Amino acid sequence: KVFEYALQRLLDNEHICNYLHSLSLWTEILGVSCSYKHLIDYGKKKHIVSGGFGKKDSNEYNCFLDVD
């Protein structure tokens, strides 16, 4: 439960989610695996992050890396 709480708090942070969203898109374009893939998958599975997470056309998260 303590570990789940820590992950929940981490993924509730807007800035961390924006960073993970950007990193997810950037690594996909580069064709490499994202080092935080399991954290992102956990957030999706538990519905902590929304369905638009990791999608280029998402309006829910800001992307700070050049992914175009």
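Let's start with the segment after α3, where we find His47. This is a predicted model, so please keep that in mind throughout. His47 has a positive phi of about 60 degrees, and it is not a glycine. Is His47 buried or exposed? His47 counts as exposed, because its relative accessibility is 69%.

Stay in that segment. Glu60 lies in the segment after α3 too. Its relative accessible area is 52%, so Glu60 is exposed; the cut-off for that word is over 50%. Now look across to Ser50. Glu60 and Ser50 are 10 residues apart in sequence. In space, their C-alpha atoms are 8.0 Å apart.

Now the overall layout. The protein chain has 3 helices and 0 strands. From the N terminus, the order reads α-α-α. The chain has 68 residues, and buried residues make up 35% of them.

Next, helix α2. Two leucines are worth a look here. Leu20 is found in α2. Leu30 is found in α2 as well. Which of the labels buried, partly exposed or exposed fits Leu20? Leu20 is buried, because its relative accessible area is 3%, and buried means under 20%. Leu30 counts as partly exposed, because its relative accessibility is 49%.

Leu20 also has a partner far along the chain. Leu20 and Gly54 are 34 residues apart along the chain. Their C-alpha atoms are separated by 8.1 Å.

Leu30 takes us to the surface. Which residues make the nonpolar surface patch? They are Trp26, Leu30 and Val32. The patch covers about 280 Å².

On to α3 and charge. How many salt bridges does a search of the whole structure find? The search finds 1. The side chains are those of Lys37 and Asp41, at 2.6 Å, N to O. Why do these two fit the helix geometry? Lys37 and Asp41 are 4 residues apart in helix α3, so about one helical turn separates them. What about exposure? Lys37 is partly exposed, with a relative accessible area of 42%. Asp41 is partly exposed too, at 33%. Both values fall between the two cut-offs, under 20% for buried and over 50% for exposed.

That brings us to the largest pocket. Its volume is about 160 Å³. Which elements give two or more residues to its lining? They are α2, residues 14-30, and α3, residues 37-45. The largest share, 4 residues, comes from α3.

Let me name the lining residues. Ser24, Thr27 and Glu28 are among them. Val32 and Cys34 line the pocket as well. Then come Lys37, Ile40, Asp41 and Lys44. Phe53 and Gly54 complete the list. By type, the lining divides into 4 nonpolar, 3 polar and 4 charged residues.

Now connect the pieces. Lys37 and Asp41 form the salt bridge, and both line the largest pocket. Val32 belongs to the nonpolar surface patch, and Val32 is in the pocket lining too. Gly54 lines the pocket, and its C-alpha atom is 8.1 Å from that of Leu20.

To recap the model. It is predicted. It has 3 helices and 0 strands. Its 1 salt bridge joins Lys37 and Asp41. And His47, with its positive phi, sits in the segment after α3.

Conventions
Residues numbered from 1 in each chain as written. Predicted model: local features only at pLDDT ≥ 70, side-chain atom pairs only at ≥ 80, totals over all residues. Heavy atoms only, no water. 1 Å grid on protein atoms, 1.4 Å probe; cavity = no way out; pocket = protein on both sides within 12 Å on 5 of 7 lines; lining within 4 Å. Points joined across faces, edges and corners; volume = space filled by probe spheres on them. Nonpolar A, V, L, I, M, F, W, Y, C, P; charged D, E, K, R; others polar. Patch = residues over 30% accessible without salt bridge, like charges linked within 9 Å, V, L, I, M, F, W, Y side chains within 5 Å. Areas by Shrake-Rupley, 256 points an atom, 1.4 Å probe, with all protein chains shown as cover. Salt bridge = Lys/Arg side-chain N within 4 Å of Asp/Glu carboxyl O. Buried < 20%, exposed > 50% of the residue type's maximum accessible area, 1.4 Å probe, protein only.
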